[in-house]
Amino acid sequence: MSTQAGAMPDSYLVRWTGRLAILALPQHVGDCNAGQIREQLLWVINRGAAELIIDMTGTASCDYEGATAVARAHQRATASGTQLRLAVITGAVQRVLCLNGLDRLIPIHPSLDAAIAAAAPAATVPVTLQRDGRHAAQPRKPAGYAGCSAEGTGLGMGR
């Protein structure tokens, strides 16, 4: 697998390894740069990324507009079959994503390494044989899942 860097003009650097793209977001994601971030995320998906990791490990703050940019990327990724994952370490950023319901839509990992390691097919579900001979699927949350409680969450992406 070859690694190459690429970016659309006037944008953030995207690291490519095959069809895996990693886009590192800046320290502050919000009203002032959310439009550019949204366009960059959509550009990466439209370029044919099979997997996109949004690296927010260096992001200290994210507001509603930043969460909306990520939500729009999720919509496009779903439509195009791109697997989308987030790497988030800051509690404040994670809370904003959770309050907007993104933790229920996009796997959130506690590090970039964990997000990269989660490249296993999403459809993998352990199966056990029940006593009557039937199979019983046992869904599992991704390793390193950093979800929020259900209280106070909601998609809330519309205005």
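**Notebook: helix α2 and its surroundings**

I began with helix α2, residues 64-80, whose 17 residues reach 24 Å from the first C-alpha to the last, close to the 24 Å expected at 1.5 Å a residue; the expected span is 1.5 Å times one less than the number of residues. I kept in mind that this is a predicted model, in which local features need pLDDT of at least 70 and side-chain atom pairs count only at pLDDT 80 or more, while totals for chains, interfaces and linings use all residues. Residues are numbered from 1 along each chain as its sequence is written, and side-chain values use heavy atoms, with hydrogens and water left out.

For helices and strands I used DSSP runs numbered from the N terminus, H or I of at least four residues for a helix and E of at least two for a strand. On that basis I noted four helices and ten strands in the protein.

At the ends of α2, I found that Asp63 caps the N-terminal end, with a side-chain oxygen 3.0 Å from the backbone nitrogen of Glu65, and that Gly81, which follows the helix, has a positive phi near 80°.

I then looked up which residues of α2 are buried, meaning under 20% relative accessible area with a 1.4 Å probe and protein chains only; among them are Gly66, Val70, His74 and Ala77. Their cover includes α1 (34-46), β5 (51-56), β7 (83-88) and α3 (91-99).

Next I turned to the nonpolar cores, sets of buried Ala, Val, Leu, Ile, Met, Phe, Trp, Tyr and Cys residues joined through side-chain atoms within 4.5 Å. The largest has 32 residues, and those with the most contacts inside it are Leu52, Ile54, Met56, Leu86 and Leu97. Its largest share, six residues, comes from α2. Taking contact as heavy atoms within 4.5 Å, and not counting residues up to four places away in sequence, I listed the partners of Leu52, including Leu23, Leu41, Ile45 and Leu84.

Leu23 led me to strand β3 (residues 20-24), where it is the bridge partner of Val14. I recorded that β2 and β3 pair in the antiparallel sense over four bridges, where pairing requires at least two DSSP bridges. In their hairpin, which has two residues between the strands, Gly18 takes a positive phi near 65°.

Last, I compared the faces of β2 (residues 14-17): Val14 and Trp16 lie on the covered one, Arg15 and Thr17 on the uncovered one. In a regular strand the side chains alternate between the two faces of the sheet.

Terms used: Buried < 20%, exposed > 50% of the residue type's maximum accessible area, 1.4 Å probe, protein only. Polar contact = N/O pair within 3.5 Å; in protein donor to acceptor, adjacent residues only side chain to side chain.
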